[in-house]
Protein chains: 2
Amino acid sequence: MTSLKQLRYFDAVARHGHFGRAAEHCAVSQPALSMQIRDLEQELGLKLFERLARGIRLTPEGREVEKRVARILSDIRDLDDYAKQRGAPLSGPLNLGVIPSLAPYVLPPLLPLLQRRFGELDLSIRETQTQHLVDELIEGRLDLLLLALPVEHAEIETLALFEDCFLLAYPPDRKIDKDVLATPELLKSDRLLLLEEGHCLRDQALALCELRQTDHINTFGASSLSTIVQMVANGMGMTLLPEIAVDLETRHQRVGLKRFAEPQPFRSIGLAWRRRSPRKPDFMALGSLIGEMSGIENSGAGITGAGVEAELESA
Amino acid sequence: MTSLKQLRYFDAVARHGHFGRAAEHCAVSQPALSMQIRDLEQELGLKLFERLARGIRLTPEGREVEKRVARILSDIRDLDDYAKQRGAPLSGPLNLGVIPSLAPYVLPPLLPLLQRRFGELDLSIRETQTQHLVDELIEGRLDLLLLALPVEHAEIETLALFEDCFLLAYPPDRKIDKDVLATPELLKSDRLLLLEEGHCLRDQALALCELRQTDHINTFGASSLSTIVQMVANGMGMTLLPEIAVDLETRHQRVGLKRFAEPQPFRSIGLAWRRRSPRKPDFMALGSLIGEMSGIENSGAGITGAGVEAELESA
DNA sequence: TAAAAATACTCCATAGGTATTTTAT
DNA sequence: ATAAAATACCTATGGAGTATTTTTA
């Protein structure tokens with residue numbers, strides 16, 4: 001009789017392409033795993049792997065079986081998730097993925113709050129770019145994403161939380177009329193400093209000023225907004241800074257900041273999860289928590305008016 | 001760690017509403033089954049059943065878990081089915097459901113043919129009315145249905161095989177012009193004998209002559225066409241006889257038979273299976289086999305012309 | 001109080017571990 | 001020749017059976 005153990009081991013081998021590593025991943029010995037695979041192949045009456053000198057390759061049948069097994073294991077996970085969510089809302093392990101241009105600004109206030117309100121929640125954080133987050137969400141290695149919308153994927157459901165305006169950040173010694181609002185045109189007047197390839201923020205900035213990669217953009221591409229802001233402060237160019245990052249990133253760096261003219265450019269921040277996840281109520285609850293939080297943040301240290309350098313001088 | 005054994009036992013209890021009978025169905029002792037259920041409830045952290053003096057009742061959570069478990073078990077079955085179909089087309093157990101107004105006419109020629117062509121196929125037949133067949137197909141107790149289309153169900157896929165014309169069968173002593181074709185109007189000239197409630201053939205006949213239940217229809221309702229034809233032969237009324245049944249049913253009964261004027265009324269005969277079943281190739285193969293077969297049948301003992309009593313005299 | 005599920009206890013099948021051999025490039 | 005999977009063999013966990021007690025309407 002087919003057992004979940006067989007399917008779990010099979011799935012691990014299919015993923016790792018290697019019996020030994022799969023065994024390690026499943027925390028069993030390689031022979032134990034080999035046995036289960038042998039039994040599974042026997043029961044299905046199919047050869048699932050070609051055994052090569054280095055690792056293995058899935059047979060065509062193996063590939064189809066892999067799909068079906070992935071679905072079954074995913075449904076098992078969902079069943080456990082449902083039970084967890086029913087037993088105690090917002091409790092148990094939750095693997096959250098966050099994009100790098102949000103994590104440093106959203107997590108510091110969020111994590112202590114969660115700890116206080118949902119002590120039973122065992123949160124793991126993964127910070128990487130959208131594409132990786134989405135892949136890992138689908139694979140089931142992550143449960144929930146906090147990122148910029150939209151996320152276009154049939155298997156994924158999203159919830160918009162708040163809008164995060166882009167501000168123009170420019171070198172402090174650059175003289176720009178304080179009372180004039182920024183425009184996309186203005187971005188072309190100097191070198192534009194952006195995050196490296198793969199960051200959604202980079203793509204959004206490029207889309208906004210309708211530029212191609214090849215135009216007068218910094219060719220290096222930093223991997224953190226913090227670095228970018230330092231570069232701006234040192235007169236190396238301008239950048240587009242999300243409002244949510246302003247507080248933290250301009251605390252120790254003198255840069256000019258300017259709002260855009262209406263319609264202000266912004267990115268939409270939201271949550272994403274597997275459409276079939278039974279923890280949707282958890283995610284919604286977490287979403288409204290973040291929503292409230294960002295509301296408070298914004299109303300507190302609001303950036304109003306066109307020129308906002310005043311904010312910086314206090315640092 | 002959740003195991004399939006737990007889910008299988010849980011599913012059985014949910015179905016039977018009774019630990020003892022579920023255990024019997026799973027071919028294990030009642031304590032063995034109780035243990036697995038206890039473990040499952042423990043691992044999920046949910047109470048799945050209310051234990052009553054006589055049997056059990058699902059809790060609301062249990063009901064949700066039941067749905068998820070049913071889906072998982074169904075996917076496991078599909079995985080096995082896929083493997084079987086890949087290993088050897090049209091082999092292994094196949095649970096076929098057939099409506100009563102087809103079984104006696106289609107199965108006699110079909111079964112020996114299947115036996116010859118696909119000796120590995122282990123066919124089980126269930127004969128009952130459409131509604132029951134569909135329910136059992138969805139539950140997974142049947143794999144394939146042979147019935148009258150359409151079958152409207154989101155989870156079910158169908159394949160039309162052939163059209164089966166309706167003929168008017170009337171008492172042999174009734175004088176009707178041999179060269180005149182039947183019309184729906186003619187049906188109202190005498191008592192109409194039909195199968196009992198629940199048979200699709202009854203509904204199709206009623207739809208054809210646009211009659212209500214309450215009109216001049218035989219109130220008993222026989223449970224087999226064979227009985228109906230005997231009643232017709234004894235002058236008790238007329239009936240609508242599917243062409244496929246003519247050969248067998250009029251072999252030993254003298255009845256008048258008459259084709260309808262164009263457009264001839266007919267029923268569409270086809271196969272139906274769970275949309276997600278991986279044995280679709282098997283079903284298609286079986287379908288074309290039946291298609292060919294019925295073609296041969298029809299061309300062999302074709303009923304042509306308006307009056308076909310000649311066919312009967314030979315019996 | 002009677003039917004049904006839970007518990008107690010025993011046994012054995014089998015999953016898993018270690019050591020070793022076979023296989024494939 | 002070497003990395004990797006299969007086999008051999010032993011051990012121990014846990015699933016299953018029988019007998020019995022507890023629970024619930």
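**View 1. Pro150(B) sits in the loop that runs between strand E5 (144-149) and strand E6 (156-170) of chain B.** This and every other view comes from a predicted model. Look at the bond joining Leu149(B) to Pro150(B): this peptide is cis, with omega at about 0°. Chain A has a cis peptide bond too, between Leu149(A) and Pro150(A), again with omega of about 0°. In chain A, Pro150(A) is placed in the loop between strand E5 (144-149) and strand E6 (156-170).

**View 2. Ala27(B) isn't a glycine, yet its phi is positive, at about 60°.** You'll find Ala27(B) in the loop linking helix H2 (19-26) and helix H3 (30-44) of chain B. Is Ala27(B) buried or exposed? Ala27(B) counts as exposed, because it has 6 C-beta neighbours inside 10 Å and the cut-off for exposed is 12 or fewer.

**View 3. Leu90(B) is another non-glycine residue with a positive phi, here about 50°.** Its loop lies between helix H4 (60-87) and strand E3 (92-98) of chain B. Leu90(B) has 21 C-beta neighbours inside 10 Å, so it counts as buried; the cut-off for that is 20 or more.

**View 4. A turn of 180° lays chain A on chain B with an RMSD of 0.2 Å, and the shift along the axis is 0.0 Å.** That makes the relation one of a two-fold axis. Both copies use the same surface, since 100% of the contact residues of chain A recur in chain B.

**View 5. Where chains A and B meet, 21 residues of chain A are in contact with 21 residues of chain B.** On the chain A side, helix H4 (residues 60-87) gives the largest share, 15 residues. Sorted by class, that side of chain A has nine nonpolar, eight charged and four polar residues.

**View 6. DNA strand D has 20 residues around it, and the ones that come nearest are Phe19(A), Pro31(A), Ser34(A), Ser29(B) and Ala53(B).** Three elements give two or more residues to this surface: helix H2 (19-26) and helix H3 (30-44) of chain A, plus H3 of chain B. Which element supplies the largest share of the surface near DNA strand D? That's H3(A), with four residues. By class, the surface near DNA strand D splits into nine nonpolar, six polar and five charged residues.

**View 7. H3(A) has a buried set made up of Leu33(A), Gln36(A), Ile37(A), Leu40(A), Glu41(A) and Leu44(A).** These residues cover an arc of only 135° around the axis, so they end up on the same side of H3(A). A bit of helix geometry helps here: an α-helix has 3.6 residues a turn, so residues three or four places apart point the same way. The cover over the buried residues of H3(A) includes helix H1 (4-16) and H2 of chain A, along with H4 of chain B. Swing round to the other side of H3(A), and Pro31(A), Arg38(A) and Gln42(A) are exposed.

**View 8. H3(A) from end to end: its end C-alpha atoms are 21 Å apart.** That agrees with what you'd expect, because 15 residues at 1.5 Å a residue should span 21 Å. Just past H3(A) comes Gly45(A), with a positive phi of about 70°.

Technical notes:
Residues are numbered from 1 along each chain as its sequence is written. Chains are lettered from A and ligands numbered from 1 in the order in which they are written. This is a predicted model: local features need pLDDT of at least 70, side-chain atom pairs count only at pLDDT 80 or more; totals for chains, interfaces and linings use all residues. Copies are superposed by least squares on the C-alpha atoms of residues with pLDDT of at least 70 in both. Two residues are in contact if their C-beta atoms, placed from the backbone, lie within 7 Å. A residue is near a molecule or strand if its C-beta atom, placed from the backbone, lies within 6 Å of it. Ala, Val, Leu, Ile, Met, Phe, Trp, Tyr, Cys and Pro count as nonpolar, Asp, Glu, Lys and Arg as charged, and the others, Gly among them, as polar. The expected span of a helix is 1.5 Å times one less than its number of residues. The arc is that of the directions from the helix axis to the C-beta atoms.
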